[in-house]
Amino acid sequence: AILEQKFTEYLFECMKKQDDDEDSVDNFNLASAAAVCLENIAKTVGDDITNHVFPFVSQNIDQPDWRLREAATMAFGMILDGPQDESGQFKALVKQAVPQFVAKVQDPSVF
């Protein structure tokens, strides 16, 4: 569990490092690589990943810096296929989070 925590913290830091001048969504960079890595970890460890990702998402989704909001959004999206949700906790967290993400579609930094 400590290894998962340290590794996900490192990935989150990498996911915050988007470039201002990237004008194409097709660019594969450090943030993208970290997101893919997080996705694979989520598929491997399953439900345990939510204990690391949801606090990060909650802390960063409303931050003024667009990089933090983007990293939170990527982290949330990349774990959706991982958890098996045997406890039902993941479904409850997703239901709670989706309205926040829908509201973020109107984020002025997106357009």
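This is a short talk about aromatic pairs, a helix crossing and a nonpolar core in one structure.

Hi everyone, and thanks for coming. Please keep in mind that what you have in front of you is a predicted model.

Let's begin with the aromatic rings. How many aromatic pairs does the structure hold? There are 2 aromatic pairs. Take Phe12 and Phe56, which make a stacked pair, with 4.0 Å from centre to centre and 5 degrees between the planes. If you look for them along the chain, you will find Phe12 in helix H1, residues 2-15, and Phe56 in helix H3, residues 50-60. They are 44 residues apart, and the pair links distant parts of the chain. Are these two residues buried or exposed? Both Phe12 and Phe56 are buried.

Now to Phe54 and Phe76. Their ring centres lie 5.9 Å apart and their planes stand at 80 degrees; over 60 degrees counts as edge-to-face, so that is what we call this pair. Here, too, distant parts of the chain are linked: Phe54 sits in H3 and Phe76 in helix H4, residues 66-78, with their positions 22 residues apart. The cut-off for buried is under 20% relative accessible area, so Phe54, at 10%, counts as buried. Phe76 has 7% relative accessibility, so Phe76 counts as buried as well.

Let's go back to H1 and H3 and see how the helices meet. Their axes come within 10 Å and cross at roughly 35 degrees. The crossing of H1 past H3 is right-handed. Which residues meet there? From H1 we have Glu4, Gln5, Thr8 and Phe12, and from H3 we have His52, Val53 and Phe56. Sorted by class, this contact has 3 nonpolar, 3 polar and 1 charged residues.

Val53 is a good stepping stone to my last topic. Setting aside neighbours within four places in sequence, Val53 is in contact with Phe12, Leu38, Ala75, Phe76 and Ile79. Val53 also turns up in the largest nonpolar core, which has 26 residues. Along with Met15, Leu38, Ala75 and Ile79, Val53 is one of the residues with the most contacts inside that core. Where do the core residues come from? At least two come from each of H1, helix H2 (30-45), H3, H4 and helix H5 (89-104). H2 gives the largest share, with 6 residues. As general background, nonpolar side chains tend to be buried together in soluble globular proteins.

That's my tour, and thank you for listening!

Conventions
Residues are numbered from 1 along each chain as its sequence is written. This is a predicted model: local features need pLDDT of at least 70, side-chain atom pairs count only at pLDDT 80 or more; totals for chains, interfaces and linings use all residues. Side-chain values use heavy atoms; hydrogens and water are left out. Rings of Phe, Tyr and Trp (its six-membered ring) pair if their centres lie within 6.5 Å; planes under 30 degrees apart count as stacked, over 60 as edge-to-face and the rest as tilted. Helices (H or I, at least four residues) and strands (E, at least two) are DSSP runs, numbered from the N terminus. Buried means under 20% relative accessible area, exposed over 50%, partly exposed in between (1.4 Å probe, protein chains only). Axes are lines fitted to C-alpha atoms, for helices over the stretch in contact, and angles run from 0 to 180 degrees between N-to-C directions. A crossing is left-handed if the near helix is turned anticlockwise from the far one by less than a right angle, and right-handed if clockwise. Contact means heavy atoms within 4.5 Å. Ala, Val, Leu, Ile, Met, Phe, Trp, Tyr, Cys and Pro count as nonpolar, Asp, Glu, Lys and Arg as charged, and the others, Gly among them, as polar. A nonpolar core is a set of buried Ala, Val, Leu, Ile, Met, Phe, Trp, Tyr and Cys residues joined through side-chain atoms within 4.5 Å.
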